[in-house]
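Some labels on a structure deserve a challenge. Here a few of them are put to the test.

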Amino acid sequence: MTKASRKNHATTKANQTAKASPMAPPIEASEPDAAPEPARTHSHADNGQDADQADKSRTAQLARIPSSAEVKASVDSPQSTTFTQSAGLVDRLAQLNSALIFSSYQSGLLYMLGRKPGGGAHLHQSAMQKPMGICVENSNSFTLSAGFQIMRFENGLDANERVNDLFDGCYVARETRNTGELDAHDIGIDKDGRPLFINTRFNCLATTDSRHSFREIWRPPFVSTLVDEDRCHLNGLAMENGEPAYVTAVSQSDTIDGWRDRRHNGGIVIDVRKNEIICKGLSMPHSPRLYDGKLWLLNSGTGELGFVERSANTNGKFVPQVFCPGFGRGLAIKNGYAFVGLSKPRYQRFEGLALDDRLAAADSAPWCGIQIIDLAKRTCVDWFRIDGAVSEIYDVALLDGHACPMSIGPTAPEMAKFVTHRKAKLPAQQAIG
């Protein structure tokens, strides 16, 4: 990464070092926005020596040894950040044929955790302004809410192409909508291809607009007007068949900041299509997701992963399945495995909840990272842990079909150099004249 790029990104990481410990396979971590220089795509046959050298100068290289490794990096803080993983995480991702994407608005980084061809994990990091909700549309496209923008990222590589002989997907923001600072949380894509996002600042579900910052699509029935006041802390969104299905909120409050006094048991789930509350009594619920006919979510204030059980004529009941040692935000489920994002409680917003008592009873400290839960066994089978300067993540998603993807941040210098084009030939044309 160049000196200029370090100046442009206050949260970029530098001076990365590696330390081995006997727990898990090695992790390799790229600096934020590490990209080829010159940034060109190459097939396996023509990947040049210059690109190889550029890659070596931008990554913390670890020996392939049968032990664990920690990669430390500064995050605009005197305190370093350490990443560790369970021994089975790389094999788990390989079995699922997936890579992990997760966001941290605290660090200002979008992370992609994949596996290297020769073994071991690789963590790629891209600087973004306040990255939040992630919606993966397919293996080559995902949409991100970040800061004052909604960005659609596309993979510019064909199946036989690699960046630096390592990355089999390189995602860049091909479409960007400037919305202004709306505190956008979860995001989805509807059947017409429009981004739908939780506009927390204005208590509504919204989409982008060609003229204005946003266009309101739906608002909870208890919020009396469209107003610039975070009243209920609307946050989570579950999509079904290209339609918004369920949302979560911290409370039913209709006054500015009213949700802060309802953090313990004021949380709700709303059926958007029926415009009615289907579950009450939750503690700061987040990340509703539909899987295998059930509505799963994180009851963040109690540290529980569970689902909403409903009968025909009664409100739903939250059925906890697993306790996770942290404030849960970010949930992705595939093949019976739930990837649960965890953050450490902070400030008055997260502290003083039942989660604190549960942690004390378990004689445990809160986590930041991702735990992989076997839903059938209701146990944690793998994990990825973050310690140090980074203590919060927001969303978690799975990117299928890629072993080791990367992304380029919208303000990274490498963005100007990464140029791709369609390979299809033009149809035969008649001679002019």
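The questions below take the empty spaces and one helix of this predicted model in turn.

Q: How do you know how many cavities of 30 Å³ or more there are?
A: The whole structure was searched, and one cavity of 30 Å³ or more turned up. The volume of the largest cavity is about 30 Å³.

Q: What makes a residue part of the lining of the largest cavity, and which residues are they?
A: A lining residue has an atom within 4 Å of a cavity point. Leu298, Asn299, Ser300, Gly303, Glu304, Leu305, Cys324, Gly326, Gly328, Val340 and Leu342 line the largest cavity. Strands E23 (294-299), E24 (304-309) and E27 (337-343) each supply at least two residues of that lining.

Q: What makes up the lining of the largest cavity, by class?
A: It holds five nonpolar residues, five polar and one charged. Gly counts as polar and Cys as nonpolar. The lining includes Gly303 and Cys324, so Gly303 falls among the polar residues and Cys324 among the nonpolar ones.

Q: Why is the space of about 660 Å³ called a pocket and not a cavity?
A: A cavity is a space the probe cannot get out of, whereas a pocket is an open set, so the label pocket says that this space is open. About 660 Å³ lies in the largest pocket.

Q: Which strands line the largest pocket, and which gives the most?
A: Two or more residues each come from E9 (131-138), E14 (184-189), E18 (234-240), E22 (285-291), E26 (327-334) and E30 (396-400). E9 gives the most, with six residues. The lining has 27 residues, and Val136, Arg289, Leu331, Ala332 and Ala397 lie nearest the centre of the pocket.

Q: How do the linings of the two pockets divide by class?
A: The largest pocket has 17 nonpolar, four polar and six charged residues in its lining. The second largest pocket has two nonpolar, seven polar and seven charged. That second pocket has a volume of about 450 Å³. Among its 16 lining residues, Asn155, Gly156, Leu157, Asp158 and Thr420 lie nearest its centre.

Q: Why are the buried residues of helix H3 said to line one face?
A: Buried means under 20% relative accessible area. In H3 (residues 89-96), Leu89, Val90, Arg92, Leu93 and Leu96 are buried. Seen down the axis of H3, these buried residues fall within an arc of 160°, so they line one face of the helix.

Q: What comes after H3?
A: Asn97 follows H3, and the phi of Asn97 is positive, near 55°.

Key: Residues are numbered from 1 along each chain as its sequence is written. This is a predicted model: local features need pLDDT of at least 70, side-chain atom pairs count only at pLDDT 80 or more; totals for chains, interfaces and linings use all residues. Side-chain values use heavy atoms; hydrogens and water are left out. On a 1 Å grid over the protein atoms alone, a cavity is a set of points where a 1.4 Å probe fits but cannot get out, and a pocket is an open set with protein on both sides within 12 Å along at least five of seven lines; lining residues have an atom within 4 Å of a point. Grid points are joined across faces, edges and corners, and a volume is the space filled by probe spheres set on the points. Helices (H or I, at least four residues) and strands (E, at least two) are DSSP runs, numbered from the N terminus. Buried means under 20% relative accessible area, exposed over 50%, partly exposed in between (1.4 Å probe, protein chains only). The arc is that of the directions from the helix axis to the C-beta atoms.
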